[in-house]
Amino acid sequence: MKSQPLRLVVLLSFLFITSTNLLAQDKKLKAHALSLGAGIATADTDNAKSGLGINLDFSTLVNDHIISLYLNSGLNLTDNGPNEDFYEFNLTYGRKWSLDPKLVLEGHVGIGLFVYDVETGPNPFFANIPDNTVGFPLRAKLLYYPSEKFGLGINPNANFNSIANTYTFNVVLQYNFN
């Protein structure tokens, strides 16, 4: 792994932890939600087809601002040829809007580490050399809340980067802490 993107992950993690600790001391920060999703993923490469998309999102709330640690991946993006996967580790900023008492829309933008892995040999553990770069995620969530704590919805995502722009469309289950 190249050292620049690894430094970005360390820096983003440090900023997330530091800001959450500082804001928590002022009682402004609240754990907001945890969501998990699965769906379809694809990438802008010659070989990429649709594969499995999986995401995990932990978010905090500062006043009306959502700060999220967001993990996203796309697996098995090819039908034939070398297997292609991608992984994202992102820090995002978002807002939410109530469309109805039970319907909420969230929008998020951010920055993170993007890793694109192409299987280059018969042994995927030793033959892969993943390529990584800085990525810029853009995502939305449309959630329906049948109860106060649990929401079910859709989560389209895009990641713009210098390797392969990626897109996922997931069905998500979200648990609200507050």
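**A buried salt-bridge network across three strands**

Arg 139 has a relative accessibility of just 4%, so this residue counts as buried (buried being under 20% relative accessible area, exposed over 50%, and partly exposed in between, with a 1.4 Å probe and protein chains only). The model is a predicted one, in which local features need pLDDT of at least 70 and side-chain atom pairs count only at pLDDT 80 or more, while totals for chains, interfaces and linings use all residues. Residues are numbered from 1 along each chain as its sequence is written, and side-chain values use heavy atoms, with hydrogens and water left out.

Searching the whole structure turns up three salt bridges, a salt bridge being a side-chain nitrogen of Lys or Arg within 4 Å of a carboxyl oxygen of Asp or Glu. One of them pairs Arg 139 with Asp 57, with 3.3 Å between the closest N and O atoms. That contact links distant parts of the chain: Asp 57 sits in strand β2 (residues 51-62) and Arg 139 in strand β6 (residues 131-144), 82 residues apart. Strands here are DSSP runs (E, at least two residues), as helices are (H or I, at least four), and numbering goes from the N terminus.

Asp 57 has a second partner in Lys 141, and here the closest N and O atoms are 2.8 Å apart. Since Asp 57 belongs to strand β2 and Lys 141 to strand β6, this pair ties together parts that are 84 residues apart in sequence. As for burial, Asp 57 counts as buried because its relative accessibility is 1%, and Lys 141 counts as buried because its value is 1%.

Lys 141 also forms a salt bridge with Glu 106, at 3.8 Å between the closest N and O atoms. Again the pair joins distant parts of the chain, with Glu 106 in strand β5 (residues 103-118) and Lys 141 in strand β6, 35 residues apart. Glu 106 is buried, just like Lys 141. Put together, Asp 57, Glu 106, Arg 139 and Lys 141 are linked in a network of salt bridges.

Then there is Leu 69, a residue of strand β3 (residues 65-75). With a relative accessibility of 25%, Leu 69 counts as partly exposed. Its C-alpha is 9.6 Å from that of Gly 112, and the two residues are 43 apart in sequence.
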